[in-house]
Amino acid sequence: METTRAKAPFDRRVRRTRAAIKDSFLTLTREKAPSEITVKEVMSLANVNRATFYAHFANIDELSAAIETDAATAIVAHCEEAFAGRIVSDAAEACGVLCDAVLADPDSLAWVAGPVASGCGKDLLREQARAHWGDVSQDDGQLTFDLLFDGCVGLAGQWCENPEKIDKDEVKAAICSAVQKLAA
């Protein structure tokens with residue numbers, strides 16, 4: 001769910017302004033940590049004034065959360081696309097498809113599982129995963145799902161922090177192995 005402080009409907013101009021602000025923030029995150037970025041820097045790069053920024057976002061944290069939510073939504077879309085028209089025979093195969101879809105978009109994954117993540121994107125992914133695959137009718141089933149989900153996101157987060165040191169196939173194999181053990 002995208003938050004907005006703007007009262008106007010989401011017309012093209014509003015979407016374009018929000019996109020410019022988000023793109024400016026993302027550009028600045030390549031140079032420094034999100035917590036070090038100021039509203040003034042974002043405004044300058046986006047070429048918007050203070051009132052315009054605050055019409056769309058309450059602060060940098062809300063802007064960061066909106067980007068994280070966008071990233072989680074993109075991951076969900078990748079997963080749904082990967083499963084479209086596909087018949088999956090077991091949990092391990094489903095996990096492999098999911099891993100391929102998620103790991104194919106490292107930028108979005110970094111926003112959701114990496115060190116800058118606030119948790120709102122992870123919560124959205126958890127909600128979507130439960131809706132599709134989580135049998136949470138029993139307390140122990142929910143605990144198992146939560147532990148598996150958190151472990152998978154944590155492993156993905158470690159890969160985001162050190163993609164050159166951790167092999168993507170190793171991450172996929174570890175996640176698939178954990179899912180297969182729980183499904184057995």
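## How sure is the predictor?

What pLDDT does the chain average, and what share of the residues score at least 70? The chain averages a pLDDT of 84, and 89% of the residues score at least 70. Keep in mind as you look around that this is a predicted model.

Confidence also varies from element to element. Helix α2, residues 39-46, has the highest mean pLDDT among the elements of the chain, at 97. At the other end sits helix α8, residues 139-161, with the lowest mean, 78. Where pLDDT is low, the predicted coordinates should not be read in detail.

## The overall layout

So what is the chain built from? Its secondary structure comes to 9 helices and 0 strands. Walk along from the N terminus and the elements simply read α-α-α-α-α-α-α-α-α. The chain has 184 residues, and 39% of them count as buried.

## The nonpolar core

In soluble globular proteins, nonpolar side chains tend to be buried together. Here, the largest nonpolar core has 47 residues. Which of its members touch the most other members? They are I21, F25, V42, F53, L63 and L109. Quite a list of helices gives two or more residues to this core: α1, α2, α4 (60-83), α5 (91-103), α6, α7 (120-133), α8 and α9 (168-183). The helix that gives the most is α4, with 10 residues.

V42 is a good residue to look up on the model. You'll find V42 in helix α2. Is V42 buried or exposed? V42 is buried, because its relative accessible area is 0%. Another member of the core, F53, is 11 residues away from V42 along the chain, and the C-alpha atoms of the two are separated by 8.5 Å.

## A residue out in the open

Just past α2, have a look at N47, which is found in the loop between α2 and α3 (50-56). The phi angle of N47 is near 60°, a positive value in a residue other than glycine. With a relative accessible area of 69%, N47 is exposed, so the contrast with a buried residue is clear: exposed means over 50%.

## Cysteines without bonds

How many disulfides does the structure hold? The number is 0. As a reminder, a disulfide is a covalent bond between the sulfur atoms of two cysteines. Take C176: the closest cysteine sulfur belongs to C95 and is 3.6 Å away, which is too far for a bond because a disulfide needs the two sulfur atoms within 2.5 Å.

Where do the cysteines stand on accessibility? C176 is buried, with a relative accessible area of 13%. C160 counts as buried too, because its relative accessibility is 16% and the cut-off for buried is under 20%. C99, which lies in helix α5, also counts as buried, at 7% relative accessibility.

## Far in sequence, brought together in space

C99 has a second point of interest. C99 and K168 are 69 residues apart in sequence, yet they are 9.2 Å apart in space, C-alpha to C-alpha.

D90 offers another pair of this kind. Its place is in the loop between α4 and α5, and at 41% relative accessibility D90 counts as partly exposed. How far apart are the C-alpha atoms of D90 and Q180? They are separated by 8.7 Å, although the two residues are 90 residues apart along the chain.

## The second largest pocket

Rolling a probe the size of a water molecule over the atoms shows where empty space is left. In the second largest pocket, that space is about 290 Å³. Which residues line this pocket? The lining is made of L26, T29, R30, P34, D107, A110, W111, P115 and V116.

Two helices, α1 (12-29) and α6 (106-113), each supply at least two residues of this lining. The largest share comes from α6, with 3 residues. Sorted by class, the lining has 6 nonpolar, 1 polar and 2 charged residues.

Methods: Residues are numbered from 1 along each chain as its sequence is written. This is a predicted model: local features need pLDDT of at least 70, side-chain atom pairs count only at pLDDT 80 or more; totals for chains, interfaces and linings use all residues. Side-chain values use heavy atoms; hydrogens and water are left out. On a 1 Å grid over the protein atoms alone, a cavity is a set of points where a 1.4 Å probe fits but cannot get out, and a pocket is an open set with protein on both sides within 12 Å along at least five of seven lines; lining residues have an atom within 4 Å of a point. Grid points are joined across faces, edges and corners, and a volume is the space filled by probe spheres set on the points. Helices (H or I, at least four residues) and strands (E, at least two) are DSSP runs, numbered from the N terminus. Ala, Val, Leu, Ile, Met, Phe, Trp, Tyr, Cys and Pro count as nonpolar, Asp, Glu, Lys and Arg as charged, and the others, Gly among them, as polar. Buried means under 20% relative accessible area, exposed over 50%, partly exposed in between (1.4 Å probe, protein chains only). pLDDT is the predictor's confidence in each residue, from 0 to 100. A nonpolar core is a set of buried Ala, Val, Leu, Ile, Met, Phe, Trp, Tyr and Cys residues joined through side-chain atoms within 4.5 Å.
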